[in-house]
Amino acid sequence: MTGPPVRNSIRVSWQRSEASNVDIDRPAPTYLDRFDRETTLTRAAGPVIDALASELTDEPVCIILTDAKGVVLDRRGGDASLLRRLDAVDLAPGFRYAESEVGTNGIGTALEIGGPILVNGAEHYNGQLRVFSCAGALITHPVTGGLLGVLDITTKARNTNSVLLSFAKLAAKRIQERVIEEASALDRALLSDYYAACRHSGGSVIALGDEVFMMNTHAQQHFDAVDQAALIDRARDARGGPKPLVFLTDLPSGTVARMAYQPTFVRDTLAGGVIQIKEQREPATARAQTRIPSIPGTVGTSAVWRHVSQEVLDACTRTDWLVAEGEPGVGKLCLLRAVHDHASSSRHLAILDPAGLPEPDELVAAARAELDSGSDLIIRHAHLLQAEAIDGLTELLQIVRDNAVTDAPWIALTVLADRGQDSGQLDTQLLHFFPRTVVVPPLRHHLEDIPALVRSLLCKAGFADLTLSTTTVNQLMRLAWAGNITQLRGVLTAIARKRRSGVVQLEELPPECRATTRRHLTPLEALERDAIVEALSNSGGDKAAAAGALGMSRATIYRKIRDFGIVT
Ligand SMILES: Nc1ncnc2c1ncn2[C@@H]1O[C@H](COP(=O)(O)OP(=O)(O)OP(=O)(O)O)[C@@H](O)[C@H]1O
């Protein structure tokens, strides 16, 4: 028995699905627990899909919004039975419905062919999706033409209707109209800040919005293409931050750029940010001083690390009270302590931590006792201070500041860069006593220090006879290190638990270091990645054998190796 002829576009899509090794029985879309929910697209689409959803409540029709990669951002409408079925195939927020992951479908195939498509029941590649019909229409930026996402209307296959596609196209068009209304207000604000910065600085300026990127002629002429790429990379890192920020960047040419980021807001909506770039030039004498490889007790010869060390050293030498801000594990305490030992070794340094002294009275009393006895003081993790402790310390610091004429103590705090919404009292009350803040850079901004850090951390941990092969160190220098130097120390400890001397090879790295994906993995994904790396190690890199050991199809293991960026 032969069925109706298959449309050409569908047949070609099946071939693509097959070439991508899509599982024909069970859709296995990747889940991303972190994706941008506040974008031009979501802001513009919100009211449009709200209005449609209110008309479709309890109807067997669902409206699905995805980003340009097919990751479901929102799902509305639909009756209980349809929603249950969609959940069963993971057609839900956070899952990526790309054609290469789940085969022919209204979302992924529309993205693949670059146009609208209605995929009816049996036209789906994957068996479990054949109960649905999906109409996907692309949403593009009306000005830039860039792809923003897909508006998909899904229903059960038996309810399919060619009107679904017109409906999806109409909704996509309405979203595009709203994009332009919204974008023009945000982009106008960003453009105006960008022009103001260009006029004011007379130097290099970059502006980044959701859809907009601008770099002035000065930057284009002043930096070569490789340095420009590094500047754009760092600018992207800063984009999205709600607060102004100044940071230093090592450029591949050896230049150090000082980047000052200023966010642009339209009411409460962040339109993007403008970054003014200056080459960091220091007088020859200052440069000579910073040529010291690093402050004893810390490791790091990159320009970024030397600069931050120098800033802390300047503050400590002048007894300027200081805040060291940064991500977890970047070495804030290590740097403050080492600089203090280096600059004023005669004074005792007390270190207090609200995590170890949970009672606010206790912490304030301990701080008072230390300062009374003539010690300098670091309060680490100051973002954890409770309201009463902040009040007590405010009072104490006021007294110390008013009374200390000579021999004033040096006081420093360490705080998390991203300390959330609750840090108002800390920022307005306590930080006010600290005239200087230095940002201790994340490890991914000075990866070149990794070889020296590895040697130092291994020696400190008592494993001076253990070294890492060049390939292994190179692999460590390709990772994102969300947990920074603390994470690196943890990795080295894990290695040293298995071998205490000799040369560590790439295969001996823990699974988390064998994958180069920069996206954040869910705990389940991390377990899966580790299991695959383990199975590959056990099978000597034989993917088919590893797939067999894990009870996984070969197609799935290939896809997962690619997706997790596992180095085989
Ligand atoms: N430059 C460095 N050289 C050598 N070791 C370092 C360096 N920076 C950090 N470390 C080591 O890394 C670990 C984390 O450093 P530290 O505790 O100073 O980080 P932190 O930023 O204060 O962390 P958190 O805020 O998470 O408490 C420590 O074991 C420290 O000795």
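**Strands, a buried glycine and a ligand shell**

Student: Let's start with strand 11 (residues 322-326) and strand 14: do they run parallel or antiparallel?
Tutor: This is a predicted model, and in it 5 bridges join the two strands. One pair to look at is Val323, which stands opposite Leu413 in strand 14. The direction of strand 11 and strand 14 is parallel.

Student: What is the strand order of the open sheet with parallel pairing?
Tutor: Strand 14 is bridged to strand 11, and 3 bridges also join strand 13 to strand 14. In that second pairing, Ile378 stands opposite Ala412. Strand 13 (residues 376-379) in turn pairs with strand 12 over 4 bridges, with Leu352 opposite Ile379. The sheet has 5 strands, and the order reads 12-13-14-11-15.

Student: Which strands stand at the edges of that sheet?
Tutor: Look for strands with a single partner strand, so that one side is left without a neighbour in the sheet. Neighbouring strands here are turned by 20° against each other on average, direction ignored. The edge strands are strand 12 (349-352) and strand 15 (436-439).

Student: How many of the 6 residues of strand 14 (residues 411-416) are buried?
Tutor: A residue counts as buried when 20 or more other C-beta atoms lie within 10 Å of its own. Strand 14 is largely enclosed by the rest of the structure. The number of its residues that are buried is 5.

Student: Over to the antiparallel sheet: what is its strand order?
Tutor: Strand 1 (residues 61-67) and strand 2 run antiparallel, joined by 5 bridges, and Ile64 stands opposite Arg75 in strand 2. Strand 2 (72-77) and strand 3 (117-119) each have a single partner strand, so they stand at the edges. Twist from one strand to the next averages 20°. The order of this open sheet of 5 strands is 2-1-5-4-3.

Student: At about what angle to strand 1 does helix 2 (residues 40-56) run?
Tutor: Helix 2 lies across strand 1, strand 2, strand 4 (132-140) and strand 5 (147-156). Its angle to strand 1 is about 175°.

Student: Is Gly106 buried or exposed?
Tutor: Gly106 lies in the loop between helix 4 (99-102) and helix 5 (108-113). Its contacts beyond four places in sequence include Leu118, Cys134 and Asp152. Ile153 is 47 residues away in sequence, yet 8.4 Å away in space, C-alpha to C-alpha. With 32 other C-beta atoms within 10 Å, Gly106 is buried.

Student: Now the ligand: between which domains does it lie?
Tutor: Helix 11 (332-343), helix 15 (450-460) and helix 17 (484-498) each supply at least two residues of the shell. Both domains give residues to that shell, so the ligand lies between domain 3 (293-441) and domain 4 (445-564).

Student: Which residues come nearest to the ligand?
Tutor: By class, the shell has 7 nonpolar, 8 polar and 2 charged residues. Of the 17 residues around the ligand, the nearest are Pro328, Gly331, Lys332, Leu333 and Cys334.

Student: Zooming out, what percentage of the 568 residues in the protein chain is buried?
Tutor: The chain's secondary structure comes to 20 helices and 17 strands. Among contacts with a separation of 6 or more, residues 24 or more positions apart account for 66%. The buried share of the residues is 39%.

Definitions and conventions: Residues numbered from 1 in each chain as written. Predicted model: local features only at pLDDT ≥ 70, side-chain atom pairs only at ≥ 80, totals over all residues. Near = placed C-beta within 6 Å. Nonpolar A, V, L, I, M, F, W, Y, C, P; charged D, E, K, R; others polar. Domains from an automatic or database assignment. Pairing = 2+ DSSP bridges. Axes fitted to C-alpha atoms, helices over the stretch in contact; angles between N-to-C directions. Buried ≥ 20, exposed ≤ 12 C-beta atoms within 10 Å, placed from the backbone. Contact = placed C-beta atoms within 7 Å.
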